[in-house]
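Please load the model in your viewer, with a cartoon for the backbone and sticks ready for the side chains. The stops below are meant to be followed in order, each with a selection to make.

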Amino acid sequence: MNQEDFKELLREKGLKVTSQRLLVLQIMAERPGEHLTTEQIYDLVRETNPEVGLATIYRTVQVLVDLHLIDKVTLDDDVARYELRNGNMKHHHHHAICLKCGRVFSFEDDLLENLEAAVEDRLGFTVVDHEVKLYGYCRDCRKEMEQD
């Protein structure tokens, strides 16, 4: 989503177009695939706008989550992280987490459609979202472990 589309979306929702909202969205767009905490976003904002407060960043991040422009992700450390949403996705994308180095890899394949259909058929339960975290070892760590 470009800045003009974002401005229009804010106006449609009755929200003000602010430089802070535009800057946070820009920071997220410049870091696709990264999982940033609110504090990391705050630090990046302060590089160019040192007058912006942390409370403003918290409110801005929540607005972007509510507008479905960014997603909240909680990994094993129970810290809320945020990433830019791919507008074409039906569900959030998923994460593979390396148990050795802690790197997080995102992937968008939604292989759970058959499971969701079965849950709906058997239980009458409609799945509207899900989150998958896979744990294992990345390519680099596996190579390192094989050499030991």
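The tour goes from the whole chain to a sheet, then to single residues and charged pairs.

**Before selecting anything**

This is a predicted model, in which local features need pLDDT of at least 70 and side-chain atom pairs count only at pLDDT 80 or more, while totals for chains, interfaces and linings use all residues. Residues are numbered from 1 along each chain as its sequence is written, and side-chain values use heavy atoms, with hydrogens and water left out.

**The whole chain**

Colour the cartoon by secondary structure, and you should find six helices and six strands, taken here as DSSP runs numbered from the N terminus (helices are H or I with at least four residues, strands are E with at least two). Followed from the N terminus, the elements come in the order α-α-β-α-α-β-β-β-β-α-β-α. The C-alpha trace spans about 50 × 50 × 25 Å along its principal axes. Of the 148 residues, 33% are buried; buried means under 20% relative accessible area, exposed means over 50%, and partly exposed is in between, with a 1.4 Å probe and protein chains only. The accessible surface, computed by the Shrake-Rupley method with a 1.4 Å probe, comes to about 9,700 Å², and 48% of this belongs to carbon and sulfur atoms. With contact meaning heavy atoms within 4.5 Å, residues 24 or more positions apart account for 47% of the contacts that have a separation of 6 or more.

**The sheet and the helix across it**

Select residues 36-37, 70-74 and 80-84 next. The strands S1, S2 and S3 form an open sheet in the order S1-S3-S2 with antiparallel pairing, where two strands pair if DSSP finds at least two bridges between them. The edge strands, each pairing on one side only, are S1 (36-37) and S2 (70-74). Strand S3 (residues 80-84) runs antiparallel to S2 and is joined to S2 by five bridges; to see the register, label isoleucine 70, which stands opposite leucine 84 in S3.

Now add residues 19-29, which are helix H2: this helix lies across S1, S2 and S3 and runs at about 80° to S3, the axes being lines fitted to C-alpha atoms, for helices over the stretch in contact, with angles from 0 to 180 degrees between N-to-C directions.

Just before S2, select histidine 68, which is found in the loop between helix H4 (54-66) and S2. Most residues other than glycine have a negative phi, whereas histidine 68, although not a glycine, has a positive phi of about 60°.

**Two buried residues**

Phenylalanine 6 lies in helix H1 (residues 3-12). Its relative accessible area is 0%, so phenylalanine 6 counts as buried. A distance drawn from its C-alpha atom to that of arginine 21, 15 residues away along the chain, should read 9.4 Å.

Move on to cysteine 98, found in strand S4 (residues 94-98) and buried at 4% relative accessibility. Leaving out residues up to four places away in sequence, cysteine 98 touches Arg103, Gly136, Tyr137, Cys138 and Cys141. The C-alpha atoms of cysteine 98 and glycine 136 are 5.2 Å apart, although 38 residues separate the two along the chain.

**Charged pairs at helix H6**

Four salt bridges are counted, a salt bridge being a side-chain nitrogen of Lys or Arg within 4 Å of a carboxyl oxygen of Asp or Glu. Select lysine 100 and glutamate 144, whose closest N and O atoms are 2.6 Å apart. Lysine 100 lies in the loop between S4 and strand S5 (104-107) and glutamate 144 in helix H6, so this pair ties together parts 44 residues apart in sequence. Lysine 100 is partly exposed at 39%, as is glutamate 144 at 41%.

Then select arginine 103 and aspartate 140, which form a salt bridge with closest N and O atoms 3.2 Å apart. Arginine 103 is in the loop between S4 and S5 and aspartate 140 in helix H6, so the pair ties together parts 37 residues apart in sequence.

**Last stop: a nonpolar patch**

Show the surface and select Leu99, Tyr135, Tyr137 and Met145, which form a nonpolar patch with about 390 Å² of accessible area together. Patches are made of residues with over 30% relative accessible area and no salt bridge, with like charges joined within 9 Å and nonpolar side chains (Val, Leu, Ile, Met, Phe, Trp, Tyr) within 5 Å. Methionine 145 lies in helix H6 (residues 139-147) and is partly exposed at 36% relative accessibility.
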